[in-house]
Amino acid sequence: MAAPRDQLGVLEAQGSSGRQGSWGVKVAFPSDPAAPAPLCPHGPTLLFVKVIQGKEETRRFYACSACRDRKECNFFQWEDEKLSEARLAAREAHNRRCLPPVSRVQCVDRYLKFIELPLTQRKFCQRCQQLLLPGDWEKHREHEVLGDISVSQLKRPSQLLYPLENKKTNAQYLFADRSCQFLVDLLSTLGFRRVLCVGTPRLHELIRLTASGDKKSNIKSLLLDIDFRYSQFYLEDSFCHYNMFNHHFFDGKAALEVCRAFLQEDKGEGVIMVTDPPFGGLVEPLAVTFKKLIAMWKEGQSQDDKELPIFWIFPYFFESRICQFFPSFAMLDYQVDYDNHALYKHGKTGRKQSPVRIFTNIPPSKIILPTEEGYRFCPLCQRYVSTENQHCEHCNSCSSKDGRKWNHCFLCKKCVKPSWIHCSTCNHCTVPDHSCEGPKDGCFICGELGHKRSNCPNIPASRRANKAVRKQKQRKSNKMKMETTKGQSMNHTSVTTRKKRRERTHQYLCS
C-alpha cells in the first residue's frame, strides 16, 4: 500500500536519518494506561503530541489512528477535555452512522447467494462497489453495472474494486504481478503453510488462486484489511475487517478469535506475517500492533525464544526506525513495485527506482532473489544484493540502500549516496545545495512559526485562490472517476453518453 509521505511521515523520515525533527507530530502514551481511548469510526483513537523546535507541547490530543486527513475523519479531543453527556451521545450516533451498510454476517449470506446465481444474473455496481442480488437491480438501474461476473473475477476482487488512493487515509496501492508472484514463490520455497496478510489484498488473492489451481500447494491465507469492501468476497475464515494502526477488529471478538486460531494452528508452526502498511503512517503504532499479533501467536508456543517470521514491506529510508523496534530485522535489496503507482515501477534506474524494500527477521542468507532481474549473490555478505550494490571493503558490507553504487566517505566512516558531498561546516555528507543552518522551522517559505506554506502571507492572494480552485476541480474529477458514493450527481454526462460508456466497459471486461 505504497504512498508518498505526508506531514506525519516527514517526522519519521527525519528520524530515519539520525536527526530529530524540529516540527511534527508523534505518538504519546496516555497518563492513565488503563483508561480506554475515545472511539472514532475507525476504532480506538491514538494520543498525539505536537513537536515544535524539537520540544513537545504541554497539551496532548486524541485523533484518528488511520486517517491523517481531517476531511476523512475529523475526530479531535484534548487529553484532559471533559465531554458532556450530549456530546458523547452525539459522537456515538455519528460512529453508528459511519458503520458499513451491511454487517459481516450479511455480507457472507449475500456472497453465498450470489455465487449460486447463473452467470447472466451476477452483476456488480461500479458506482457503489457492490455485488448485486436480483432484489438490488431496480435500485441500481441508473448506475454503471458490470454483468456476467465470473468465478475468476470473484477470486480477484482487487481488479473489480476501485483502489482507494487517498495518500493520507487508505493509500491502497497494489502489488504488481511481478512482485506478488515473487512473494508467493518465496513463501512456498521457505516452507510456510499459512500467511497472515496484513494490508496485502493482492497477495492474499494470489495465494488462494495458487492453492486452488495447484494441488501441490497447501498454503492458506487470512487477510486483515481496513477496506470493508473485501468482506463481500470472502467468508469469515478468510477476511477480517481490521485497523493495523490500533489493532482493532471491527467485528469484535469473533474476528479476533479467527485471527488467533489462524496464528496458533499447528502450535504456531509454518506461519508468517506479511504486511504492507501505508507509508504515510507512523512506524511506532504499527510496531505496537505487530507486537500484539506476535504476542497472540506466542500464546500457542511452548518455546519463548522463537520469533514469528515477518515480511514488513516499507521504504528503505525507514530502516533505522524499524530496526529500533525490531533489532533482529534486516533489509533485503529486493525492490517491490506497484501496479497503480506512477513512480514505484520495475525497470527504472538511478534515483527513479522503487524505494520499497522487504524488512524481515528471516536470515537473508536463506532468501534467494531472482538473478534474471539483476540480483547477485555476494559471497562476503552471504546474501543476494542488487547488481550495482558493490561490496565496500571499508564498511565490510554491500552498503547501498537505494540500488545505486554508493561511495565511501572516510571522514564520515561510512558509504553515502553518489550525489552527496562532505560538508566541513555540517561535519557530515549531505546534498550539495543544502543549507548549513539546517531545515527551517515553521513555514517553508518565510520561516515563521505561526502558519504553514499554503497560508503564507508572502504568497499572493490570487495564487492561493487559483490553487484552491485547482484542488476543488481535482476533487470533483476524482469523485466522478471513482463514483463510489450512492446518489452522486451525474448531470455532467448525458444519458446517451452514459449508456455508450456502460456498453463499452461491459464488452471490454466480458471479452
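**How the labels on this predicted model are earned**

Guide: Let's start with Q129, which sits in the loop between β8 (123-125) and β9 (130-132). This is a predicted model, where local features need pLDDT of at least 70 and side-chain atom pairs count only at pLDDT 80 or more, while totals for chains, interfaces and linings use all residues. Residues are numbered from 1 along each chain as its sequence is written, and side-chain values use heavy atoms, with hydrogens and water left out.

Visitor: What makes β8 and β9 strands in the first place?

Guide: They're DSSP runs: a strand is a run of E with at least two residues, a helix a run of H or I with at least four, and both are numbered from the N terminus. By that rule the chain has 12 helices and 26 strands.

Visitor: Why is Q129 called buried?

Guide: Buried means under 20% relative accessible area, exposed means over 50%, and partly exposed is what lies in between (1.4 Å probe, protein chains only). Q129 comes out at 3%, so it counts as buried. Its backbone is worth a look too: phi is positive, about 55°, although Q129 is not a glycine.

Visitor: Where else is there a positive phi of about 55° at a residue that is not a glycine?

Guide: At D148, in the loop between β10 (145-146) and α4 (151-154). D148 has a relative accessible area of 30%, so its label is partly exposed.

Visitor: How do you know whether C125 is in a disulfide?

Guide: Check the sulfur distance: a disulfide is a pair of cysteine sulfur atoms within 2.5 Å. For C125 the closest cysteine sulfur belongs to C128, and it is 3.7 Å away, so that's too far for a bond. The count by this rule is 0 disulfides.

Visitor: Are C125 and C323 buried or partly exposed, and why?

Guide: C125 is at 0% relative accessibility, so it's buried. C323 is at 22%, so it's partly exposed.

Visitor: Which residues does D136 touch, and what does touching mean here?

Guide: A contact means heavy atoms within 4.5 Å. Leaving out residues up to four places away in sequence, D136 touches R110, Q130 and L131. D136 lies in the loop between β9 and β10, and its 12% relative accessible area is why it's called buried. K123, 13 residues away along the chain, has its C-alpha 9.7 Å from that of D136.

Visitor: What does N95 contact in the same sense?

Guide: Outside its neighbours within four places in sequence, N95 is in contact with L39, C40 and P41. N95 belongs to helix α2 (residues 85-97), and with a relative accessible area of 16% it earns the buried label.

Visitor: Why is I115 called partly exposed?

Guide: Its relative accessible area is 35%, so it lands in the middle class. I115 is in helix α3 and contacts R122 and L154, again without neighbours within four places. Its C-alpha is 9.1 Å from that of S150, although the two are 35 residues apart in sequence.

Visitor: What makes something a cavity here?

Guide: On a 1 Å grid over the protein atoms alone, it's a set of points where a 1.4 Å probe fits but cannot get out; lining residues have an atom within 4 Å of a point. Points are joined across faces, edges and corners, and the volume is the space filled by probe spheres set on them. Searching the whole structure gives 5 cavities of 30 Å³ or more, and the second largest has a volume of about 50 Å³.

Visitor: Which residues line the second largest cavity?

Guide: C107, R110, Y111, F114, L131, L133 and Q232. Helix α3 (residues 104-115) gives the most, with 4 residues.

Visitor: How do you sort that lining by residue class?

Guide: Ala, Val, Leu, Ile, Met, Phe, Trp, Tyr, Cys and Pro are nonpolar, Asp, Glu, Lys and Arg are charged, and the others, Gly among them, are polar. The lining then divides into 5 nonpolar, 1 polar and 1 charged.

Visitor: And what about the whole chain?

Guide: Of its 511 residues, 46% count as buried. Among contacts between residues at least 6 apart in sequence, 60% join residues at least 24 apart.

Note on methods. 1 Å grid on protein atoms, 1.4 Å probe; cavity = no way out; pocket = protein on both sides within 12 Å on 5 of 7 lines; lining within 4 Å.
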